[in-house]
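Q: Please take a close look at one residue in this structure, and then work outward from its surroundings to the cores, the aromatic rings and the sheet. I would prefer a connected account to a list.

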Amino acid sequence: IPDLTPATTYYLRVVATDASGNSSSQDLIVDTRPASGRLVSDDFDRPSLDTSVWTIVDPVGDASVAQSGGRLEIAVPAGVCHDVWTSGILAPRVVQSVSDLADFEIEVGFDNQPAGRYALSGLLLEADNGQRLRFDFYSTSSSSLRIFAASFEGTSPTVRHNQAISVPAGAPLLMRVARQGNLWTQRYSWDGQNWTDAAQFAYDLEVSGIGLFAGNADGMPAHTAVIDYFRDV
């Protein structure tokens with residue numbers, strides 16, 4: 001079948017009829033391959049992670065990644081640091097490889113809120129030269145919730161934004177990250193209708209990978225990031 005859209009799920013019904021008029025049918029679900037180097041949206045509604053799109057990276061080797069019920073769960077245990085800071089990238093993540101992207105906007109839906117001392121749920125954009133950008137939600141020891149952004153040259157970070165936010169208890173956390181040239185903008189919402197600006201800064205980055213991550217900066221507590229969707233908007 002020609003001219004199908006890349007990275008799209010198609011639902012097909014094939015019907016066969018014999019010379020006597022007897023017919024039978026079969027329903028099929030077919031996924032087209034992603035376009036090379038481009039962002040692929042994912043609602044995580046398959047029985048398992050689509051490894052043609054995502055690669056699991058587990059630097060410490062103790063994380064778990066599972067997908068079920070239309071959700072992706074990335075979990076880290078307590079007692080070991082899984083941070084994205086001066087020690088490098090210790091947080092586990094699922095990464096989508098891309099070619100350097102022009103202007104784009106990503107929206108990620110997290111179904112749960114980080115809780116406890118420095119639990120992290122976020123988005124990581126990486127370059128082959130060791131540069132990266134981190135955008136995330138994290139909790140503090142006082143159980144407050146913050147939205148955060150930083151840029152990295154190797155293991156040297158520059159904080160771009162660090163702000164306490166107030167959202168309803170139990171509400172999802174939605175984040176949008178947009179790039180226009182070298183200008184980056186981070187926004188957040190909990191209802192998908194009203195968006196609040198957070199970070200905005202200029203930074204040159206040749207993006208080669210985009211990852212969803214979970215972490216715990218001080219090794220406490222155990223934390224699971226529950227991700228509802230990743231969308232190119």
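A: Val84 belongs to strand 6, which covers residues 84-85, and everything said here about its setting refers to a predicted model. Its relative accessibility is 0%, so Val84 counts as buried, the cut-off being under 20%. Setting aside residues up to four places away in sequence, Val84 touches Ile89, Ala91, Leu124, Arg132, Arg134, Phe152 and Phe213. Asn112, by contrast, is 28 residues from Val84 along the chain, and the C-alpha atoms of the two are separated by 20 Å.

Two of the residues that Val84 touches, Arg132 and Phe152, also interact with one another, since the charged end of Arg132 sits over the ring of Phe152 at 4.1 Å from its centre. Phe152 in turn is part of an aromatic cluster that it forms with Trp85, Tyr118, Tyr138 and Phe148. Another arginine is placed over a ring elsewhere in the chain: Arg231 lies over the face of Tyr229, 3.7 Å from the ring centre.

From this neighbourhood one can pass to the nonpolar cores. The largest of them has 43 residues, and those with the most contacts inside it are Leu123, Leu125, Phe135, Trp184, Ile210, Leu212 and Phe230. Strand 9 gives the most to this core, contributing four residues. Apart from the largest core lies another, made of ten residues, which include Ile89, Leu120, Leu124 and Phe148; Ile89 and Leu124 are also among the residues touched by Val84. Phe135, when neighbours within four places in sequence are left aside, is in contact with Gly122, Leu123, Leu125, Phe148, Ala149, Met175, Val177, Trp184, Gln186, Phe201 and Phe213. Phe213 therefore appears both in this list and among the contacts of Val84, contact here meaning heavy atoms within 4.5 Å.

The aromatic pairs come to ten in number. In one of them, the ring centres of Phe104 and Trp184 are 5.9 Å apart and the planes stand at 75 degrees, so the pair is edge-to-face. This pair joins distant parts of the chain, for Phe104 is in strand 9 and Trp184 is in strand 15 (residues 183-189), 80 residues apart. Both partners are buried, Phe104 with 8% relative accessibility and Trp184 with a relative accessible area of 0%.

Strands 9 and 15 lead to the sheet, which is open, has seven strands in the order 4-5-18-9-14-15-16, and is paired in the antiparallel sense. Strand 4 (64-68) and strand 16 (196-202) stand at the edges with a single partner strand each, so one side of each has no neighbour in the sheet. From one strand to the next, the twist averages 25 degrees.

Between strands 9 and 15 in that order comes strand 14, and six of its eight residues are buried, so strand 14 is largely enclosed by the rest of the structure. Strand 9 (residues 104-110) and strand 14 (residues 173-180) are joined by seven antiparallel bridges, in which Glu107 has Arg176 as its partner and Gly109 has Leu174. Strand 14 also pairs with strand 15 over seven bridges, again antiparallel, and there the partner of Met175 is Tyr188. The hairpin of strand 14 and strand 15 has two residues between the strands, and within it Gly181 takes a positive phi near 65 degrees.

Definitions and conventions:
Residues numbered from 1 in each chain as written. Predicted model: local features only at pLDDT ≥ 70, side-chain atom pairs only at ≥ 80, totals over all residues. Heavy atoms only, no water. Pairing = 2+ DSSP bridges. Axes fitted to C-alpha atoms, helices over the stretch in contact; angles between N-to-C directions. Core = buried A, V, L, I, M, F, W, Y, C linked by side-chain atoms within 4.5 Å. Buried < 20%, exposed > 50% of the residue type's maximum accessible area, 1.4 Å probe, protein only. Phe/Tyr/Trp six-rings, centres within 6.5 Å; stacked < 30°, edge-to-face > 60°. Lys NZ or Arg CZ within 6 Å of the ring centre and 35° of its normal.
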